[in-house]
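Me: I am new to this structure. Please walk me through the reasoning behind the labels.

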Amino acid sequence: GHPVYRDMPTTIFEHMSARARETGAINLGQGFPEGPGPREVLQAAADALLTRSSQYPPMPGLIELRTAIADHYARHQQLDLNPQEVIVTSGATEAIAASLLALVKPGDEVLMLAPLYDAYLPLVERAGGMAKVVRLTPPDWRVTRDALEAAIGPRTRILLMNNPVNPAGIVLRDEELALLAELCVAHDLIAICDEVWEQTVYDGVPHRPLIGFPGMRGRTVKIGSAGKIFSVTGWKVGWMCAAPPIATLLARAHQFLTFTTPPNLQWAVAQGLGWPDDWLNDQRAAYQASRDRLTAGLEKAGYVVQPSAATWFLSIDLPASGIALDDVSFCNRIIDEAGVAAIPISAFYPQDPVTHLVRLCFAKTDAMLDQAIDRLAAFR
Ligand code: GLN
């Protein structure tokens with residue numbers, strides 16, 4: 001087998017969900033919401049399945065969806081994307097893979113920030129890239145000029161980043177994004193920006209896309225996810241947006257990965273993105289309330305929680321909570337002894353991991369959160 005895959009374990013998300021299925025544990029590990037998703041978007045998919053074609057849609061996606069995505073970003077993020085600059089993929093993970101396959105040449109260095117999503121490094125390496133990882137330090141996870149400049153060299157071609165950041169639950173500050181944009185321009189880097197958490201930012205904070213920063217419009221791939229926006233993670237409808245010369249390369253990679261994505265799901269997402277945006281505010285408020293409920297419950301039970309500003313995740317700080325276990329040991333203990341599945345933050349580091357934080361997903365029903373809190377309180 002290829003060296004990238006030979007020694008690779010199953011992804012932590014599948015591993016923990018499989019263990020939760022086996023043991024019946026409450027699954028606060030893999031990030032997916034408990035609810036069914038908005039009724040109207042499910043109905044639109046069902047209707048489209050019965051009334052519209054089930055044959056191959058156009059390779060870059062249904063034009064209705066590409067237009068709806070461009071319109072959504074014009075309304076929410078003041079972007080001026082042309083529908084031709086949007087390519088629909090089978091989930092954001094395909095968009096990340098297609099972007100790397102299209103843009104990384106063997107030997108190119110790819111700059112990433114750790115904690116980093118677990119798919120990034122294997123995909124970078126399989127595309128022939130060399131990882132350059134800048135490690136952010138909790139609890140403030142600051143991005144600094146010194147660390148970035150030390151990591152960027154003459155062979156650095158790509159920045160691959162996630163904002164808001166899974167698992168840290170942070171939103172990069174405007175000055176950090178401006179710094180990243182400045183360095184991309186100065187060193188002629190292409191930014192692959194995984195912004196799947198753009199609609200799960202709380203406390204009234206806006207999402208600032210890197211593609212909107214000076215000099216970035218022609219050198220950024222902006223990646224998004226209907227699974228996250230509509231709370232339907234299994235649909236695997238994602239997209240990537242970039243200016244024409246890059247978009248052409250992205251489409252060539254996409255056409256030989258999945259070629260297309262189920263047309264009824266594309267149609268339903270296009271309908272949903274066209275709705276008045278009130279429901280998104282309601283959904284965001286509901287996730288924020290769930291975040292607050294889990295935070296308050298855990299704190300009452302004696303856990304120290306790292307504040308979460310975005311995503312579906314918060315973290316507990318083990319040593320600060322008086323727990324003398326590392327993250328992997330704690331996760332293994334609580335799945336068996338408390339009946340709660342979680343994700344160790346060390347899974348987001350290729351080397352030199354942070355080992356004192358454990359990620360919990362709060363996109364769950366109140367009843368599930370309360371039961372998980374009771375179980376974690378009893379475990380202490
Ligand atoms: N993004 C999800 C998470 O962080 C995992 C998705 C997956 O398992 N492929 O939990």
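Me: Which exposed residues does the face of α13 turned away from its buried side carry?
Reply: Asp336 and Glu337. The model is a predicted one.

Me: Which residues of helix α13 are buried?
Reply: Helix α13 covers residues 327-337, and its buried residues are Asp327, Phe330, Cys331, Ile334 and Ile335.

Me: What puts them on the same side of α13?
Reply: The arc does. Around the axis they cover only 125°, so they sit on the same side of α13.

Me: What do the buried residues of α13 pack against?
Reply: Two helices are among the partners, α2 (12-23) and α14 (366-379). The strands β11 (340-341), β12 (343-344) and β13 are partners too.

Me: What is the sign of phi in Gly339, which follows α13?
Reply: Positive, near 75°.

Me: How do you know that the span of helix α4 agrees with its number of residues?
Reply: Set the two values side by side. Helix α4 has 15 residues, 63-77, and at 1.5 Å a residue they should span 21 Å. The end C-alpha atoms are 21 Å apart, so the two agree.

Me: Which residues of α4 are buried?
Reply: Leu65, Arg66, Ala68, Ile69, His72 and Tyr73.

Me: Why is it said that they line one face of the helix?
Reply: Look down the axis of α4. The buried residues fall within an arc of 160°, so they line one face. The face turned away from that buried side carries the exposed residues Ala74 and Arg75.

Me: What covers the buried residues of α4?
Reply: The cover includes β2 (86-89), β8 (238-241) and α11 (263-274). Just after α4 comes Gln78, with a positive phi of about 55°.

Me: Why is Ser231 called buried?
Reply: The cut-off for buried is 20 or more other C-beta atoms within 10 Å. Ser231 has 23, so Ser231 is buried. Ser231 lies in the loop between α9 (226-229) and β8.

Me: What is notable about the phi of Ser231?
Reply: Phi of Ser231 is near 55°, a positive value in a residue other than glycine. Most residues other than glycine have a negative phi.

Me: Phe259 also has a positive phi. Is Phe259 buried or exposed?
Reply: Exposed. The cut-off for that label is 12 or fewer. Phe259 has 11 other C-beta atoms within 10 Å, so the label fits. The phi of Phe259 is near 65°. Phe259 lies in the loop between α10 (244-255) and α11.

Me: What makes Val237 buried?
Reply: The count again. Val237 has 26 other C-beta atoms within 10 Å, so Val237 is buried. Val237 lies in the loop between α9 and β8.

Me: Which residues is Val237 in contact with, leaving aside its neighbours within four places in sequence?
Reply: Val88, Gly91, Ala226, Gly227, Thr261, Leu265, Gln266 and Val269. Val237 and Gly91 are 146 residues apart in sequence, yet 4.4 Å apart in space, C-alpha to C-alpha.

Me: Where are the cis peptide bonds of Pro164 and Pro167?
Reply: One joins Asn163 and Pro164, with omega about -10°. Another joins Asn166 and Pro167, with omega about 10°. Pro164 is in the loop between β5 (156-162) and α8 (174-186). Pro167 is in the loop between β5 and α8. Most peptide bonds are trans.

Me: Which residues are around the ligand?
Reply: Thr11, Phe13, Gln30, Gly31 and Asn166. By class, that shell has 1 nonpolar, 4 polar and no charged residues.

Me: How is the chain divided into domains?
Reply: The domain assignment gives domain 1 (3-30 + 278-379) and domain 2 (39-274). Their centres, taken over C-alpha atoms, are 25 Å apart.

Me: How many residues of each domain are in contact with the other?
Reply: 29 residues of domain 1 are in contact with 28 residues of domain 2. On the domain 1 side, α12 (278-300), β10 (313-317) and β13 (357-361) each give two or more residues. α12 gives the most, with 6 residues. By class, that side has 18 nonpolar, 7 polar and 4 charged residues.

Technical notes. Residues numbered from 1 in each chain as written. Predicted model: local features only at pLDDT ≥ 70, side-chain atom pairs only at ≥ 80, totals over all residues. Near = placed C-beta within 6 Å. Nonpolar A, V, L, I, M, F, W, Y, C, P; charged D, E, K, R; others polar. Domains from an automatic or database assignment. Contact = placed C-beta atoms within 7 Å. Helix = DSSP H or I, 4+ residues; strand = E, 2+ residues; numbered from the N terminus. Expected span 1.5 Å × (residues − 1). Arc of directions from axis to C-beta.
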